[in-house]
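Please look through the sequence and the model below before reading on. The paragraphs that follow go from one local site to the overall fold, and then to the interior and two further sites.

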Amino acid sequence: RPARTPRRRRRTRGGATTDATAAPEAVTEAPSAEETSGPRTPRRRRRTRAGAGAEPVAAAAAVSEAAEAADWAIVTVPLKALGDVPAAPLAGKIVLDTNNYYWERDGHIAALDDKQTTTTTQMAQDHFTDAHVVKAFNHIPAAHINTTGSPAGTAGRRALAIASDHPDAAALATAVYDEFGFDTVDIGSVAESLRVERDLPAYVV
């Protein structure tokens, strides 16, 4: 079909990208799986990303509406803005956390600086208390998401890590990865997500 010009994100049945700020970097770190063939398995996604000069994705009210309508969500914001993302609309839903900690942007967070006390995904799980959070897409450049995937079974297919305390969230992230052309390496619990934090060996961006 002819390509269509992306319009402002709509309320959808599927994944809602909850961008709580208008910062361009908050929109380009992960994909948005906006259409699904059911409540859990992605079928199709629009490969659109906002860049510098793009119209802000959504105001807080629109974010809440999208989160309420979605079955699951991708949260991609500067870590310092995590607390601005409404948590209540995501209760009982799966949240793919793509966030990374950049002290140059987010300011120093002592609990993350020591790389022992907590992780960015634990902070997300603590904020979205009643959601099932899974770390995903944080260790791949945005430009590679739509360009480096390959069909299942391809020799040397790229693999990305996930980490979650919830099997259903891990399963969904695995399905999303496969839809984009990546294998999955399940590294375990949210605590293990430390292994793919910035400046650690598995963070290969």
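Which residues does Thr-118 touch, not counting residues up to four places away in sequence? In this predicted model, Thr-118 touches Ala-111, Leu-112 and Met-123. Thr-118 itself sits in the loop between helix H3, residues 110-113, and helix H4, residues 120-127. Its relative accessible area is 16%, and because buried means under 20%, Thr-118 counts as buried.

From this loop we can step back to the whole chain. The protein contains six helices and eight strands. Along the sequence they follow the pattern β-β-β-α-β-β-α-α-α-β-α-β-α-β. Of the 205 residues in the protein, 46% are buried. Among the contacts with a separation of 6 or more, 68% are between residues 24 or more positions apart. The protein exposes about 9700 Å², and 53% of that area is supplied by carbon and sulfur atoms.

The interior comes next. The largest nonpolar core has 19 residues. Within this core, the residues with the most contacts are Trp-72, Ile-94, Leu-96, Val-134, Phe-137, Val-176 and Tyr-177. At least two residues of the core come from each of strand S4 (72-75), strand S5 (94-97), strand S7 (159-164) and helix H6 (167-180). H6 provides the largest share, seven residues. There is also a second, separate core of 16 residues, which includes Val-77, Leu-79, Val-95 and Ala-131.

Helix H6 can be followed on its own. H6 has 14 residues and reaches 20 Å from its first C-alpha to its last, close to the 20 Å expected at 1.5 Å a residue. Which residues of H6 are buried? They are Ala-169, Ala-170, Leu-172, Ala-173, Val-176, Tyr-177 and Phe-180. These residues cover an arc of only 165 degrees around the axis, so they lie on the same side of H6. Just after H6, Gly-181 has a positive phi of about 95 degrees.

Strand S8, residues 183-186, contains Val-185. Is Val-185 buried or partly exposed? Val-185 counts as partly exposed because its relative accessibility is 41%, and partly exposed covers the range between under 20% and over 50%. Leaving aside neighbours within four places in sequence, Val-185 is in contact with Ala-159, Leu-160, Ala-161 and Ile-162. The C-alpha atoms of Val-185 and Ala-163 are separated by 8.8 Å, and these two residues are 22 residues apart along the chain.

The last site is Lys-135, found in strand S6, residues 132-135. Lys-135 counts as buried because its relative accessibility is 1%. With which side chains does the side chain of Lys-135 make polar contacts? One polar contact, of 2.9 Å, is with the side chain of Thr-120. Another, of 3.2 Å, joins the side chains of Lys-135 and Thr-121. Not counting residues up to four places away in sequence, the residues that Lys-135 touches include Asp-97, Thr-98, Asn-99, Ser-193 and Val-196. Ala-161, Ile-162 and Ala-163 are also among the residues touched by Lys-135. Ala-161 and Ile-162 are in contact with Val-185 as well.

Definitions and conventions. Residues numbered from 1 in each chain as written. Predicted model: local features only at pLDDT ≥ 70, side-chain atom pairs only at ≥ 80, totals over all residues. Heavy atoms only, no water. Helix = DSSP H or I, 4+ residues; strand = E, 2+ residues; numbered from the N terminus. Buried < 20%, exposed > 50% of the residue type's maximum accessible area, 1.4 Å probe, protein only. Contact = heavy atoms within 4.5 Å. Core = buried A, V, L, I, M, F, W, Y, C linked by side-chain atoms within 4.5 Å. Polar contact = N/O pair within 3.5 Å; in protein donor to acceptor, adjacent residues only side chain to side chain. Expected span 1.5 Å × (residues − 1). Arc of directions from axis to C-beta. Areas by Shrake-Rupley, 256 points an atom, 1.4 Å probe, with all protein chains shown as cover.
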